[in-house]
Amino acid sequence: MARLAISADSHILEGADVFIGLAEKFGDRAPRVVHEEGKGDYIDIPATGKRLNAAIGGVGRLGIAGMSLDDPETHRLIALGYDGLKPALVDPVERTKAMDVDGVWGEVIYPSVFMRLFGIPDTEVLAASFRNYNDWLWDFCATVPERLTGLALLVMQDPVIAHQELKRAIAKGYKGVCIPCSAPDGKRYHDPIYDPIWATAEEAGIPINLHIFTHPNGAITGLDQAGLITEYASAPTLIQYTLSDLIAGGVAHRYPNLKFVAAEFNTGWVANWLERMDHAVYRARTAVPEYMDMKPSEYWLRQFYATFEDDRSGILTRDAIGVETMMWGNDFPHHDSVWPHSQEALDMVFEGVPDQVRQATTVDNVSKLYGMSVPE
């Protein structure tokens, strides 16, 4: 019998109505949905000449979990755009039915289209877009709040606006927020300009989440196919830099109760990275800041998490990573999701591994971090 799990990394496919009002306010500076006959729906920003998600095939391409790219029906649905989306992608109650098929009780919800939107250089438009998204996502998840936990988006390009939106998200009841996986150009996350954000999140007890492909520095158009492969395969190097800065730059030290999540970068790289971080401190002892009163790996164990999907290498190095820092996610409804075969994927990942490790990484850790639970 399948054991219920909680996905710490799933996604919403933003409805077209999330863009309502933006074009009226900002004109051609605003993102909007455009349909290209025979290809699908895309998000365009006319003033920049940019098209989000173009390299992967538009909006429909983000909602084909469980489907094959070798099947002509898949491409037919992608070409329909929003009109081709399955009910589970547009209705929260239908979504829970898709979760039931997969043995998943709850999901932590990240964006899809809006991952690339993080790179818009127009901060005013980005802030309004994120505010729209945060209100829209809250309403979507509120239909089944015990099963869907959304994450609000913050515009870190403007820390003042980000702090205001953080406080608004907390007031609405959000249990976590998502920021760019790398700091905006000209700033690093240990810069004191971000301190009000860290302090407020720590006080509220909500984690800061950093998801793959949420680049803040203009990466909004996607890449060609070779570039997509390179970007995906090399993603851990980017998050390593960010996490290293949060630790070595003193953020983790100054805010010891603040939690950070590296989402969809998998975990097989973490053990070696922690080893290198500790070794960097050892070999450069005279350069180590006075505030670093623990090893980097100890800060990791206290405050950091990483999600994995079907990452056997991470589980095999779990003792070096820390089982308590690992959380499983199924990436629904994206194409590389393991839905509707999450339980089979978990059986493979955890073959020969003690049951308590599976329980911790698929239920207990995420439940504790976001205040979620599964029925008895």
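In this predicted model, helix 14, which spans residues 342–349, has as its buried residues Ser 342, Gln 343, Ala 345, Leu 346 and Val 349. Around the axis these residues cover an arc of only 160°, which puts them on the same side of helix 14. What do the buried residues of helix 14 pack against? Their partners are strand 1 (5–11), strand 11 (304–308), helix 12 (312–316), strand 12 (326–328) and helix 15 (355–370). A similar description can be given for helix 11, residues 296–303, where Pro 296, Ser 297, Tyr 299, Trp 300 and Gln 303 are the buried residues. Seen down the axis of helix 11, these buried residues fall within an arc of 155°, so they line one face of the helix.

Strand 1, one of the elements against which the buried residues of helix 14 pack, leads to an open sheet of three strands, whose order is 1-5-6 and whose pairing is parallel. The edge strands of this sheet are strand 1 and strand 6 (148–150), each of which pairs on one side only. From one strand to the next, the twist averages 20°. Strand 1 and strand 5, the latter made of residues 104–110, are joined in the parallel sense over five bridges, and Ser 7 has Glu 107 of strand 5 as its bridge partner. Helix 15 lies across strand 1, strand 5 and strand 6, and runs at about 65° to strand 1; helix 15 is also among the elements that the buried residues of helix 14 pack against.

Antiparallel pairing is found where strand 2 (residues 32–36) meets strand 3, the two being paired over five bridges, with His 35 standing opposite Asp 41 in strand 3. These two strands form a hairpin with three residues between them, and in the turn Gly 38 has a positive phi of about 85°. Strand 3 pairs in the antiparallel sense with strand 4 (residues 50–52) as well, over three bridges, and here Ile 45 stands opposite Lys 50 in strand 4. The hairpin of strand 3 and strand 4 has four residues between the strands, and Gly 49 takes a positive phi near 70° in it. Is strand 3, which takes part in both pairings, enclosed by the rest of the structure or open? Six of the six residues of strand 3, residues 40–45, are buried, so this strand is largely enclosed by the rest of the structure.

The largest nonpolar core has 116 residues, and the residues with the most contacts inside it are Trp 198 and Tyr 370. Helix 5, residues 123–142, contributes the largest share of this core, 10 residues. Leaving aside residues up to four places away in sequence, Trp 198 touches Met 156, Ile 179, Tyr 189, Ile 208, Leu 246, Val 251, Tyr 255, Leu 258 and Phe 260.

The cysteines remain to be considered. The count of disulfides comes to zero, where a disulfide requires two cysteine sulfur atoms within 2.5 Å. Why does Cys 141 have no bond to Cys 178? The sulfur of Cys 178 is the closest cysteine sulfur to that of Cys 141, but at 13 Å it is too far for a bond. For Cys 178 itself, the closest cysteine sulfur is in Cys 181, and the separation of 8.5 Å is again too far for a bond. Cys 141 counts as buried at 5% relative accessibility, and Cys 178 is buried with a relative accessible area of 0%.

Note on methods
Residues are numbered from 1 along each chain as its sequence is written. This is a predicted model: local features need pLDDT of at least 70, side-chain atom pairs count only at pLDDT 80 or more; totals for chains, interfaces and linings use all residues. Side-chain values use heavy atoms; hydrogens and water are left out. Buried means under 20% relative accessible area, exposed over 50%, partly exposed in between (1.4 Å probe, protein chains only). The arc is that of the directions from the helix axis to the C-beta atoms. Contact means heavy atoms within 4.5 Å. Two strands pair if DSSP finds at least two bridges between them. Axes are lines fitted to C-alpha atoms, for helices over the stretch in contact, and angles run from 0 to 180 degrees between N-to-C directions. A nonpolar core is a set of buried Ala, Val, Leu, Ile, Met, Phe, Trp, Tyr and Cys residues joined through side-chain atoms within 4.5 Å.
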